[in-house]
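Please open the model in your viewer and keep the selection panel at hand. The stops below say what to select next and what is there.

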Amino acid sequence: KHEGKNRYKFYSSEIGLQIYKQVVLRNDLMKAIERKQFEVYYQAQVKLESGEILAAEALIRWNHPEWGMVSPNEFISLAEETGFIINLGNWMLQEVCRNYKTWMEQGKAPIKISVNYSSIQFYERNFVENIIKTINENGLDPHFLIMEITESVFMKNPEKAIVDIKRLQAKGIQVALDDFGTGFSSLSYLNSFNIDILKIDRSFIKNMMLDEAST
């Protein structure tokens with residue numbers, strides 16, 4: 001059903017196991033925060049010439065007691081379907097701010113931290129206010145944050161997207177467009193929405209050294 005109509009698949013035990021896993025994850029998702037099962041990892045963005053860390057992307061993982069470390073590909077869609085993505089996003093920003101504050105208190109060099117947001121989070125009523133409130137509560141300067149969004153943010157309500165992006169940028173928060181080169185990606189986004197950072201999807205450039213058409 002997820003893949004659309006007029007399709008078929010042969011059943012296998014692996015499919016049954018995957019369905020069972022999805023049921024378990026769906027049932028356990030709502031309590032995962034209070035059970036302290038989520039973890040944030042940071043993928044560094046490094047300057048190749050010097051090895052200097054310029055920024056880092058915050059990546060969430062679910063350390064499930066039965067299934068081990070679960071990737072976002074398996075639970076983010078469930079979180080969006082159930083609306084739990086709002087609570088999960090709030091928790092993640094709090095955790096990122098807490099970690100960043102600790103690094104600053106330890107005297108580490110300030111860097112940018114990017115956090116991914118779905119369109120569901122972006123269209124929350126007090127989206128911008130909640131972000132600024134969380135950052136202020138942790139005594140941090142909003143300039144450290146990069147908000148990563150996908151083009152789906154622009155599909156539902158582009159007028160609100162433009163206003164909120166400007167409000168975030170006015171506070172010093174940069175906005176990055178992730179996975180550019182997939183879906184209905186358009187260069188017009190860069191003018192209409194004043195994006196700070198463009199992240200080109202790997203599938204779009206992976207053959208550029210081998211295929212002249214990709215360059």
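Angles under 35 degrees between helix axes count as roughly parallel. With that cut-off in mind, and remembering that this is a predicted model, begin by selecting residues 127–137, which make up helix H5, together with residues 158–170, which make up helix H7. These two helices pack at an angle of about 20°, with their axes 10 Å apart, and H5 and H7 are therefore roughly parallel to each other. If you turn the view to look from one helix onto the other, the crossing in which H5 passes H7 is right-handed.

Next, show the side chains at this contact: Phe127, Val128, Glu129 and Ile131 on the H5 side meet Asp164, Arg167 and Leu168 on the H7 side. By class, the residues of this contact divide into 4 nonpolar and 3 charged, with no polar ones.

Now move to residues 38–46, strand S1, and residues 53–64, strand S2, which run antiparallel and are joined by 9 bridges. Within this pairing, select Ala44 and you will find that Ala56 in S2 stands opposite. The two strands form a hairpin with 6 residues between them, and in the turn Gly51 has a positive phi of about 80°.

For the last stop, select helix H3, residues 85–105, where both Glu95 and Arg98 lie, 3 residues apart, or about one turn of the helix. Their side chains meet in a salt bridge, with a distance of 2.6 Å from N to O. How many salt bridges does the structure hold? The count is 8.

Note on methods. Residues numbered from 1 in each chain as written. Predicted model: local features only at pLDDT ≥ 70, side-chain atom pairs only at ≥ 80, totals over all residues. Heavy atoms only, no water. Axes fitted to C-alpha atoms, helices over the stretch in contact; angles between N-to-C directions. Helix = DSSP H or I, 4+ residues; strand = E, 2+ residues; numbered from the N terminus. Parallel < 35°, antiparallel > 145°, perpendicular 65-115°, else oblique. Left-handed = near helix turned anticlockwise from the far one by under 90°. Contact = heavy atoms within 4.5 Å. Nonpolar A, V, L, I, M, F, W, Y, C, P; charged D, E, K, R; others polar. Pairing = 2+ DSSP bridges. Salt bridge = Lys/Arg side-chain N within 4 Å of Asp/Glu carboxyl O.
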